[in-house]
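Please look over the sequence and the structure shown here before reading on. The report after them is meant for someone who has not met this structure before.

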Number of protein chains: 4
Amino acid sequence: MVVVMQVGATEAQIEAVIDQLNENGFDVHRSSGTQQTVLGAIGVQPDFDIRHIRLLEGVGDVHRVTEPFKFASRAWKKENSIISVGDADIGGEEVTVMAGPCAVESEDQIERTAAHVAACGVTILRGGAFKPRSSPYSFQGLGLPGLELMREAANRHGLSVITEVMDVAHIDSILPLTDIVQVGARNMQNYTLLKGLGKIRKPVLLKRGLMATIQEWLMSAEYIMAEGNQDIILCERGIRTFETYTRNTLDLSAVPVVRDKSHLPIIVDPSHGTGIRDKVIPMARAAVAAGADGLLIETHPDPEHALSDGPQSLYFDQFEELMRQISLIAEAIGRSVGKLQAT
Amino acid sequence: MVVVMQVGATEAQIEAVIDQLNENGFDVHRSSGTQQTVLGAIGVQPDFDIRHIRLLEGVGDVHRVTEPFKFASRAWKKENSIISVGDADIGGEEVTVMAGPCAVESEDQIERTAAHVAACGVTILRGGAFKPRSSPYSFQGLGLPGLELMREAANRHGLSVITEVMDVAHIDSILPLTDIVQVGARNMQNYTLLKGLGKIRKPVLLKRGLMATIQEWLMSAEYIMAEGNQDIILCERGIRTFETYTRNTLDLSAVPVVRDKSHLPIIVDPSHGTGIRDKVIPMARAAVAAGADGLLIETHPDPEHALSDGPQSLYFDQFEELMRQISLIAEAIGRSVGKLQAT
Amino acid sequence: MVVVMQVGATEAQIEAVIDQLNENGFDVHRSSGTQQTVLGAIGVQPDFDIRHIRLLEGVGDVHRVTEPFKFASRAWKKENSIISVGDADIGGEEVTVMAGPCAVESEDQIERTAAHVAACGVTILRGGAFKPRSSPYSFQGLGLPGLELMREAANRHGLSVITEVMDVAHIDSILPLTDIVQVGARNMQNYTLLKGLGKIRKPVLLKRGLMATIQEWLMSAEYIMAEGNQDIILCERGIRTFETYTRNTLDLSAVPVVRDKSHLPIIVDPSHGTGIRDKVIPMARAAVAAGADGLLIETHPDPEHALSDGPQSLYFDQFEELMRQISLIAEAIGRSVGKLQAT
Amino acid sequence: MVVVMQVGATEAQIEAVIDQLNENGFDVHRSSGTQQTVLGAIGVQPDFDIRHIRLLEGVGDVHRVTEPFKFASRAWKKENSIISVGDADIGGEEVTVMAGPCAVESEDQIERTAAHVAACGVTILRGGAFKPRSSPYSFQGLGLPGLELMREAANRHGLSVITEVMDVAHIDSILPLTDIVQVGARNMQNYTLLKGLGKIRKPVLLKRGLMATIQEWLMSAEYIMAEGNQDIILCERGIRTFETYTRNTLDLSAVPVVRDKSHLPIIVDPSHGTGIRDKVIPMARAAVAAGADGLLIETHPDPEHALSDGPQSLYFDQFEELMRQISLIAEAIGRSVGKLQAT
């Protein structure tokens, strides 16, 4: 922590600040210029509330000098983390595509989707069984029976499964049926849930909250990691801004920023990030070009009749075309997409 | 729903849209001008996803014509809802002040605080037993023993109790010890929790999420109300904006807006809304002047040593002065503050 | 400036940073802890781009330790600035109300408005002659003839005049006709205009840009002050956020923040800040309660037929009621409103 | 315009709204359902303030049905506009790169830069002669002599020139020396400047304001186009959000949105959009992958000693590498970059 005293702060004020810092266990180094004094406070107190110091008399400003997260930080682990799930090495050289419907609706729907995405080179099948909906009057998902249908379809086509968990009480029943557990944007700071997921031994995909800074997002990863689960995949899915032509503003600059700050893999969800089908393809291409480790994409055999988020689900032929385009983009930056490099 | 066709949309496109609307159960009224056709689609489908129509060929834009919430709306209930808790009629003529520490820390701390706020005219004691903290390394609250200490202190001083619940699994244990259950900003869209609170028979204070539009906030109230619990108190506590000099931007215009859209009482939390002690008093005055039905205020016998949010907690003498000032403001607009009108 | 080296930065990296700082004229104080080194760089270089240092190898983070503005800062001038214009002492004990139509439309309109607001205790007449409109197809104002009509009406009723200038080329013609020159939100960073206004000898009211931080706003005041004109009145008028029920989000916490950071008076414009008539009165009350030095209010003899911003203009009887209410609020916090204290 | 009456609006209220609409020149079509009445108001009044209707009794909501801009809209011109400047066809199949230093600093600096970017396949040289700086104490540019140096360097290397104009009074002197006139983000709503540029016969590059919605941006293009100049190039350069790790949030989804709404070319400035050198390359790649028609990039022979924005300027070898990478990306989506396709 660095404490900048006001111009004209008195010696007594400076000493009172030093005392307070010492009392809280910090080592203090003092730098006095002709106009102003700056105090460097060094110590290991990740949860110290710097506002305590900011309120002392004579204090101009206070800056935190260390990131408040540890396990999630690049300083903690220099090399990129690679998380292996079935055929996918998430965070490795390949760009991993996770695809499927927004919600599992029927055996036929999930089977047809699994068959199609597997044929396109996808390794991980996505699909919601418990759906967080902003209206209590909307379709809330099929629940566990839906998840079982997805598991079976995935097995038939050699795919892994990712699905969302909405409450800590559901973890036990969901866990045997999925390979990756997804935390939705609205639950990014549901700390009870995060702690619960810290105790499991399967990877967690953590979506960025609509209004979460990158630092808060990494702090939420830290919550899980502090409990022992290091396998976190970050997922940018758009933030809320003043712009209303798009549902959210997909913050692709989060990709290189996370790369700097953290060793964790980062993927992008252009389906929720844009909210409308014809914006998904250009933004998916852009995400790969920006260096994302993967994509989370919604596709549906019959988007017009989807029970949830149909307007942002790709038609099967669009999805196929998307895979073709991002393979070219990946190649242009020295990567490949899923199993496709073999063809 | 209103569908605005593009200039130059063909007759076939217009008819395809009408068919699609009819198929979804809407009555359609068509208005054709010289340049453009507008379709009015009338029907009762609160969860219809209007993006389905927006994607059809020839469609320019689609507008929802009804608010997606019902029980929370002013249209549903014309007169203001008044929620009685102990000596307080929240939403009535009096301005209700709920005050206490951020977190319950010890018997002595909560007893001294309860005594002080009761002496100042407060009717409801606040205090956290389970704390949502953005860092896993911060103080997480005393849990149920803390809540028991608060209940006893409140009883000794004739106060009601409000405390936060963080997870649906905690409701049963917390409920016997509190009079109002608080949902924190980060849980505003924790739908599992909201549904659980819809089944209880005590009032719920619902904080606005940092990232939530007023419409989303009222939709979350609707989640609780749709399950049968109509006693919701809304609490504005600041939204996230680009400004960084303050922790959040307290959106006081939410007060008159909610007054228009809903019959539910709305109170303001200037402690979290500003994050720093010396901004709490002016913003508390402003909230009352804007017409808020109450305030949620943090005060602590020794803010420098508070385990949570000390920098935004008022000293006892500041709290007393605050009560004096808001009483004058309340009087200026024809209201009064708590029991103080008797003195 | 404070430079926080990364954990594990090498001695060579630290020395390279020190050299670079010395080369740029800074005195450097070094604090080395067991884990990390912090460098305090002290010197007077208000325009140094700290990103130069942030990019050096081994650097973790860089913090500016002084505000980038000087004349506008509270450090520069401890006591509040009071700007006298006719009968008003802006920034003094009285709350100054500036009122009038959005745009001057006719002799009759401005005369009736001047007469009404003067009777209600207002001292400064507002009205636009040149209007910044987001559409090129909207009414653009009467220009100088409009300003002359307003000047005459103001003189007849003993009022001072405030009007907006949109371009540096207009200053000379507008200046003889007005007492305060207003800079609109969209021009807050029109530096050519700001420099031009630095050379005049009349007060400037500087509106906050829709997306301007408080720091940027004070930097724009600095632009004017650096040229010699110290008489700046700041005006909060709402910032842009994700909320869409209101036109803008009126950031009333800017009032106490500016009070801390600067000696300049700050007033609030609830008309543009809310954009809708029935929200103006509660937010005007809230602004006074928060400690604003004044208000800028739109009122019109016939809002339904106003050529600009009619929906946010108060009816005359509403304006009278507003003056009555804010007088009570002002009294509650030990202030008074304009001439009204005499009655 | 569509007017949605409240549930329970009376017949008298409905008729009053219809009268008011007729009085304002609209044709009204009425749709009455069992619960609610919707009025379609059709007419050509691009500047009508819909809040007038929203305030009438019984009105629930009002929606604008047409975009408020005309010449800038895709409805007005179906095919993409291509703007030819020297060797570049902006908006055509080639991706156009405009590159150079933030500010012209010396003859040597601009000559070296021109030589380098020309060798890399760039067709348009950028450089500021008049710099808008947020601090009055920062380098403000060399003015006209700087522009002359850039013109000469450009001529020597067969490049066209783009430079920023900050005030309407400068247009006449700048115009003979540049091929494209740039409007900076802070001036996006400087209407005096926009009108002035509507009268010239050279292309205008219009940067999006930090706080501007895409609709407002297109309205500013409309201001220029309404005066007769149809050659507008839009430039996304980042919007302001709550995120602080990056200087701005580059809104790449603006690329496909503008493509839908308008026929005008859109390019991206990743240098200002990210503010830091090592984020420029991934975001430039992403912009091309998203479908941008070009890039505006800062490069400098000696970024450490640049007088303005050095930290976001690329080293020459980085720039060369960037050109190589975006050529591959462009090829992957069936486009090419500047003259490079010949090699």
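The report below goes from chain A as a whole to one of its strands, then to the contacts between chains, and ends with a single residue.

## Basis of the model

This is a predicted model, in which local features need pLDDT of at least 70 and side-chain atom pairs count only at pLDDT 80 or more, while totals for chains, interfaces and linings use all residues. Residues are numbered from 1 along each chain as its sequence is written, and chains are lettered from A and ligands numbered from 1 in the order in which they are written. The model has an ipTM of 0.88 and a pTM of 0.87. For chain A the mean pLDDT (the predictor's confidence in each residue, from 0 to 100) is 90, and 96% of the residues of chain A reach 70 or more.

## Chain A as a whole

Chain A contains 11 helices and 15 strands. These elements are DSSP runs numbered from the N terminus, with helices being H or I of at least four residues and strands being E of at least two. The C-alpha trace of chain A spans about 75 × 45 × 40 Å along its principal axes.

Chain A has 343 residues, and 60% of them count as buried. A residue is buried if 20 or more other C-beta atoms lie within 10 Å of its own, exposed if 12 or fewer, and partly exposed in between, with C-beta atoms placed from the backbone. Two residues are in contact if their C-beta atoms, placed from the backbone, lie within 7 Å. Among the contacts in chain A with a separation of 6 or more, 67% are between residues 24 or more positions apart.

The domain assignment divides chain A into domain 1 (2-63) and domain 2 (83-342); such bounds come from an automatic or database domain assignment. The C-alpha centres of domain 1 and domain 2 of chain A are 44 Å apart.

## Strand β14 of chain A

Is strand β14 (residues 294-298) of chain A mostly covered or mostly open? Strand β14 of chain A is mostly covered, with five of its five residues buried. In a regular strand the side chains alternate between the two faces of the sheet. On one side of β14(A) the buried residues are A:Gly294, A:Leu296 and A:Glu298, and on the other side they are A:Leu295 and A:Ile297.

Two strands pair if DSSP finds at least two bridges between them. The partners of β14(A) are listed here.

| Strand of chain A | Bridges to β14(A) | Sense | Residue and its partner in β14(A) |
|---|---|---|---|
| β7 (residues 94-100) | five bridges | parallel | A:Ala99 opposite A:Ile297 |
| β13 (residues 266-268) | two bridges | parallel | A:Val268 with A:Leu295 |

## Chain A against chain D

Which elements of chain A give two or more residues to the side that touches chain D? The contact joins 32 residues of chain A to 31 residues of chain D. The elements in question are α8 (254-261), α10 (277-290) and α11 (316-332) of chain A, and α10(A) gives the most, with seven residues. By class, this side of chain A has 19 nonpolar, nine polar and four charged residues. Here Ala, Val, Leu, Ile, Met, Phe, Trp, Tyr, Cys and Pro count as nonpolar, Asp, Glu, Lys and Arg as charged, and the others, Gly among them, as polar.

A turn of 180° with a shift of 0.0 Å along the axis lays chain A on chain D with an RMSD of 0.1 Å. The two copies are thus related as by a two-fold rotation axis. Copies are superposed by least squares on the C-alpha atoms of residues with pLDDT of at least 70 in both. In chain A, the C-alpha nearest the axis belongs to A:Ala286, 2.0 Å from it. Of the interface residues of chain A, 97% are also interface residues in chain D, so the copies meet through the same surface.

## Chain B against chain D

The contact between chain B and chain D takes 20 residues from each of chain B and chain D. On the chain B side, β1 (2-5), β2 (27-32), β3 (37-42) and β4 (59-63) each supply at least two residues. The residues of this side divide into eight nonpolar, nine polar and three charged.

Chain B is superposed on chain D by a rotation of 180° with 0.0 Å of shift along its axis, at an RMSD of 0.0 Å. B:Phe242 comes closest to the rotation axis among the residues of chain B, with its C-alpha at 2.1 Å. For chain B, 100% of the interface residues are also interface residues in chain D, so the copies meet through the same surface.

## C:Pro132

C:Pro132 lies in the loop between β8 (124-126) and α4 (144-156) of chain C. C:Pro132 counts as partly exposed because it has 18 C-beta neighbours inside 10 Å. Leaving aside neighbours within four places in sequence, C:Pro132 is in contact with C:Met166, C:Gly184, C:Arg186, D:Gln189 and D:Tyr191.
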